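Colleague: I am new to this structure and would like a close look at a single part of it, namely the enclosed space and its surroundings. Please take me through it slowly and explain the terms as you go.

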Amino acid sequence: MALSRPRDGHSPWAPARRSAITLSPPAHPIHAELTVPGSKSFANRALILAAQAEGTSQLGGFLRSDDTYWCLDALRRLGVRAEVEGETVTVEGCGGRWPVARGSLFAGSAGTVARFLPGALAAAPGGEWVLDGSDQLRSRPLEPLVQALRTLGGHVEAVEGGGLPLRVWGGGLRGGRVSISGKVSSQFLSGLLLAAPKADASVTVEVEDDLVQPAYVGITLAVMRRFGARVEHDAGFRRIEVHPGPYRAADHVLEADASTASYFLALAAASGGRVRVTNVGAASLQPDARFVDVLEAMGARVIRGDAFLEVAGSGHLRGGLTVDMKPMSDQALTVGVLAALADGPVTVTGVAHIRQHESDRIAVLAANLGALGIRAEEHPDGFTVHPGEPRPGTVDPHDDHRVAMAFALLAARVPGVRILGPGCVSKTYPGFFEKLGRLGVGVQSE
Ligand SMILES: O=C(O)C1=C[C@@H](OP(=O)(O)O)[C@@H](O)[C@H](O)C1
Ligand SMILES: C=C(OP(=O)(O)O)C(=O)O
């Protein structure tokens, strides 16, 4: 099947492209109360389950971003009717029998779409599709998921190499036992679990090695239950039993994005200001809602409510610590950039797998800190940053939204940090730089 596809993951929901943006510190410490938009992790799980459900679901708190665009686009190409109005998506479920049973699907740069859709396709009674993605997503791993779906009788084949593009045939999944690796990505396990209720019999999944970011598996199970799935699991999500049954339509309010919230809370810690995020709290299921613990260890004052988080910075960041970021590794770069402003070295461990995220995040962090005059050592599973006086300079995010958002934090104190290709933030938050501007950070576009 010939494929014509965009090479990157930028969607029609991304703002007009700018070649670079230069940031400068706010004139006054930032004091703000703000909300952040919806989480792509919640949105893409709920979209895929609502599409497979019997009946119509309404999902509130939806954010238009690249990752959610490509998820919705793939479901529409499968014949699912879905309408977005304001922050609400209405999805007419097809019961898992995709109305368009042949064709090409595109995941953009969304790991969630690449890892969650193959199971939903293989579990369908019939059909044949090719799922592809951006160049960046093509280079990210998929094999453990492909192998596990095959163990359950799924008909899935990499077209070339081991990742995307992937050819998937419907035909169903049988139940039984299956083991899967969790040390490179928790999304393999999540993708298998989301498909498991559609199998002919119960599926028992065991994690055969380590499991990174287990909280995302908790989110998977919570969203599955919301759509009617019956699931049992141990405390660490290492052994999970999923019973067969249909997904049923459910109205669902998606959690606001704790990863996005972390940048604004970190900005308060770095700038000596105070930020309260009023729609992400300690009750969130997202691991990054616990990132405030790291800010506290670095000297910030934190107030935790069930539905809000507040951070007040002293303007001084404490270093001299080692942090295992495996449970919330999307914030590893945030720690790395804050460390440049701290009073002692900071080491991050437990994040070997982020070398296979949107970029090799450890290498890209070290190279960009180096370009700003900050020494950073790479380790196989993390890095050590030696703080200093970052100088103005250019950051190349390698089309990785978290690199761009983390380096933007330097604007708390450093004038003249220039970020290339800032549009990459639209993967999860197209309005990120505009929001920084409204908080008083100087934002100059080229
Ligand atoms: O399941 C999810 O929604 C996610 C899981 C995590 O990925 P990995 O488990 O691949 O690290 C996380 O980094 C990503 O931003 C979202
Ligand atoms: C790793 C990330 O995304 P993805 O869902 O593409 O894996 C991320 O958002 O940091």
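Modeller: Over residues 28–436 the chain is 30% helix and 25% strand, and the C-alpha atoms at the two ends of this stretch are 13 Å apart. An unreviewed UniProt entry annotates these residues, 28–436, as "domain: Enolpyruvate transferase"; its positions are given here in the numbering used for the model, the feature name is shortened, and such an annotation may be inferred rather than shown by experiment. What you see is a predicted model, in which local features need pLDDT of at least 70 and side-chain atom pairs count only at pLDDT 80 or more, while totals for chains, interfaces and linings use all residues. Residues are numbered from 1 along each chain as its sequence is written, chains are lettered from A and ligands numbered from 1 in the order in which they are written, and side-chain values use heavy atoms, with hydrogens and water left out.

Now to the enclosed space. A search of the whole structure finds 2 cavities of 30 Å³ or more, where a cavity is a set of points, on a 1 Å grid over the protein atoms alone, at which a 1.4 Å probe fits but cannot get out, and a lining residue has an atom within 4 Å of a point. The largest cavity has a volume of about 240 Å³, a volume being the space filled by probe spheres set on the grid points, which are joined across faces, edges and corners.

Its lining is made up of 22 residues, and Lys40, Gln187, Gln213, Asp330 and His357 lie nearest the centre. By class, the lining of the largest cavity holds 3 nonpolar, 10 polar and 9 charged residues, with Ala, Val, Leu, Ile, Met, Phe, Trp, Tyr, Cys and Pro counted as nonpolar, Asp, Glu, Lys and Arg as charged, and the others, Gly among them, as polar. Helix 1 (40–52), helix 3 (111–122) and helix 12 (401–407) each supply at least two of the lining residues, and the largest share, 4 residues, comes from helix 3; helices here are DSSP runs of H or I with at least four residues, numbered from the N terminus, and strands are runs of E with at least two. Because domain 1 (20–37 + 256–445) and domain 2 (40–253) both give residues to this lining, the largest cavity lies between them, the domain bounds coming from an automatic or database domain assignment.

Several of these residues return around the ligands. Around ligand 1 there are 14 residues, the closest being Ser41, Arg45, Ser185, Ser186 and Asp330, where near means that a heavy atom of the residue lies within 4 Å. Asp330 has a polar side-chain atom 2.6 Å from an oxygen atom of ligand 1, and for Gln213 the corresponding distance to an oxygen atom of ligand 1 is 2.8 Å; both belong to polar contacts, pairs of N or O atoms within 3.5 Å. An N or O atom in the side chain of Ser185 is likewise 2.6 Å from an oxygen atom of ligand 1.

Ligand 2 also has 14 residues around it, and Lys40, Gly111, Arg140, Arg402 and Lys427 come nearest. The side chain of Arg402 places an N or O atom 2.6 Å from an oxygen atom of ligand 2, while polar side-chain atoms of Arg361 and His401 lie 3.0 Å and 3.2 Å from an oxygen atom of ligand 2.

Technical notes:
On a 1 Å grid over the protein atoms alone, a cavity is a set of points where a 1.4 Å probe fits but cannot get out, and a pocket is an open set with protein on both sides within 12 Å along at least five of seven lines; lining residues have an atom within 4 Å of a point. A polar contact is a pair of N or O atoms within 3.5 Å; within protein, one must be able to donate a hydrogen and the other to accept it, and residues adjacent in sequence count only if both atoms are side-chain atoms.
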